[in-house]
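Take a look at the structure shown here. We will walk through it one piece at a time.

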Amino acid sequence: MNKKKSCNLGKGIGGQAVIEGVMMRGKKMYSLSVRTPDKGIKTVKTFFKPAKDKCFIWGLPIVRGVVAFVDSLVTGMKVTMKSAELAGLDDIEYDKESKFEMWLEKKFGDKLADYLIYFSVFVSIILCIGLFIFLPTVLGGWINGFFGNDPGVRGAIESVIKVLIFLGYMILVSQMKDIKRVFMYHGAEHKTINCFESDMELTVDNVRKSTRFHKRCGTSFLVIVMIISIIVAFIFVKTNIFWLRVALRIILLPVIAGLSYEVIRWAGRHDNLLVNIVSFPGIAMQLITTSEPDDSMIEVAIASLKAVLEEEPEDDSSTGCK
């Protein structure tokens, strides 16, 4: 494999761990490989048109981060549902559909799955707002009452609460049996991409020797979002009025997502002391969100990456971000 080609493509490849599998994403297509009930590997390829090719505005700095964030949520939900199907988790038969389920199928037909995905994404966003904006604001206001209701102190208290909620949530989720397997596939995804970006042949032995940590990981993105949201709030949210604090934080979400994307994108394209310092919190969090995979998981990740490499043409202008 040509070294120049592997380096360029590697920087444009991202991925996601799913149920019993791995999704690898290039610039114009993504592949989903899943370990099936018969112990085989099923790979599905999906082609898409990059947002910046649909409208140049979607490719502008900051804006592209918001677009990428929403797209990752929708795509992530799609591949997770598809992976469950391929893994045989949707083979459970029910005696009878409810009237509501029959009405939904009659009303929306083949589009029902798409509507459910968008609804799930919407609900996820609402839950995140409640958990990481509304709840810290409520608790921060109550605790700040003991310190004279200073907006600056309140911001610091809310930041600590937000970090504790995030850490607590990740640690709690990581203890779930099914999630532990997903985190092992997450490790397989990282190790496979790192192996490829190191210009090593994609074999189980080579992938096993690669690190399971990666600067462009979605976990790192979430940590950067957390840090930037704290900084932005300290600058722009300087009021003790509850509803106004919540409203400002929600309004600033696109800016935070856009800035976070640019930071992750920059970190993925450089390797120096400053990048290592900025990337450290996200890498540290991957101690929780990734685990060492077994060989069968590595095989799935390799199959998914190879499927992308079969379709992605050589392109010297690759600037992708995971």
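Start in a loop. Asp 199 lies between helix 7 (177–197) and helix 8 (204–209). This is a predicted model. In it, Asp 199 has a relative accessible area of 31%, so the residue counts as partly exposed. Its backbone deserves a look too. Asp 199 is not a glycine, yet its phi is positive, at about 65 degrees. Most residues other than glycine have a negative phi.

A second residue of this kind is Lys 39. Its phi is near 75 degrees, again a positive value in a residue other than glycine. Where does Lys 39 sit? Its place is the loop between strand 3 and strand 4. Is Lys 39 buried or exposed? Its relative accessible area is 66%, and the cut-off for exposed is over 50%, so Lys 39 is exposed.

That loop leads us to the sheet. Four strands make up an open sheet, in the order 1-2-3-4, and their pairing is antiparallel. Strand 1 (14–18) and strand 4 (41–47) are at the edges. Each has a single partner strand, so one side of each has no neighbour in the sheet. Neighbouring strands are turned against each other by 15 degrees on average, direction ignored.

Now follow the chain through the turns. Between strand 2 and strand 3 there is a hairpin with 3 residues joining them. The two strands pair in the antiparallel sense over 5 bridges. Arg 25 has Tyr 30 in strand 3 as its bridge partner. The next hairpin links strand 3 and strand 4, with 5 residues between them, and Lys 39 is in its turn. Here 7 bridges join strand 3 (residues 29–35) to strand 4, and the two run antiparallel. Two facing residues are easy to find. Ser 33 stands opposite Thr 43 in strand 4. Arg 35 stands opposite Ile 41 in strand 4.

Stay with strand 3 a moment. Which of its residues point which way? Met 29, Ser 31, Ser 33 and Arg 35 point one way, while Tyr 30, Leu 32 and Val 34 point the other way. All of them are buried. With 7 of its 7 residues buried, strand 3 is largely enclosed by the rest of the structure.

Helices pack here as well. Helix 3 (residues 63–86) packs on the sheet and touches strand 1, strand 2 (21–25), strand 3 and strand 4. Its direction makes about 30 degrees with that of strand 3. Pick out Thr 75, which is found in helix 3. Its relative accessibility is 8%, so Thr 75 counts as buried. What does Thr 75 touch, leaving out residues up to four places away in sequence? The answer is Met 23, Arg 25 and Tyr 30. Two of these names are familiar: Arg 25 and Tyr 30 are the bridge partners from above.

Helix 13 (residues 295–311) lies across strand 2, strand 3 and strand 4. It runs at about 155 degrees to strand 3. Check its length. At 1.5 Å a residue, its 17 residues should span 24 Å. The end C-alpha atoms are 25 Å apart, which agrees. Several of its residues are buried, among them Met 297, Ile 298, Val 300 and Ala 301.

Glu 299 is also in helix 13. At 36% relative accessibility, Glu 299 counts as partly exposed. Beyond its neighbours within four places in sequence, Glu 299 is in contact with Arg 35, Ile 41 and Val 204. Arg 35 and Ile 41 are the opposite residues we met in the sheet. Glu 299 also shows how the fold brings residues together. Glu 299 and Leu 202 are 97 residues apart in sequence, and 9.5 Å apart in space, C-alpha to C-alpha.

Last come the rings. Arg 25 returns here: its charged end sits over the ring of Phe 48, 4.2 Å from the centre of that ring. How many aromatic pairs does the structure hold? There are 5. In one of them, the rings of Trp 142 and Phe 146 have centres 5.6 Å apart. Their planes are at 90 degrees, so the pair is edge-to-face. Trp 142 and Phe 146 are both exposed.

Terms used. Residues numbered from 1 in each chain as written. Predicted model: local features only at pLDDT ≥ 70, side-chain atom pairs only at ≥ 80, totals over all residues. Heavy atoms only, no water. Phe/Tyr/Trp six-rings, centres within 6.5 Å; stacked < 30°, edge-to-face > 60°. Buried < 20%, exposed > 50% of the residue type's maximum accessible area, 1.4 Å probe, protein only. Lys NZ or Arg CZ within 6 Å of the ring centre and 35° of its normal. Pairing = 2+ DSSP bridges. Axes fitted to C-alpha atoms, helices over the stretch in contact; angles between N-to-C directions. Contact = heavy atoms within 4.5 Å. Expected span 1.5 Å × (residues − 1).
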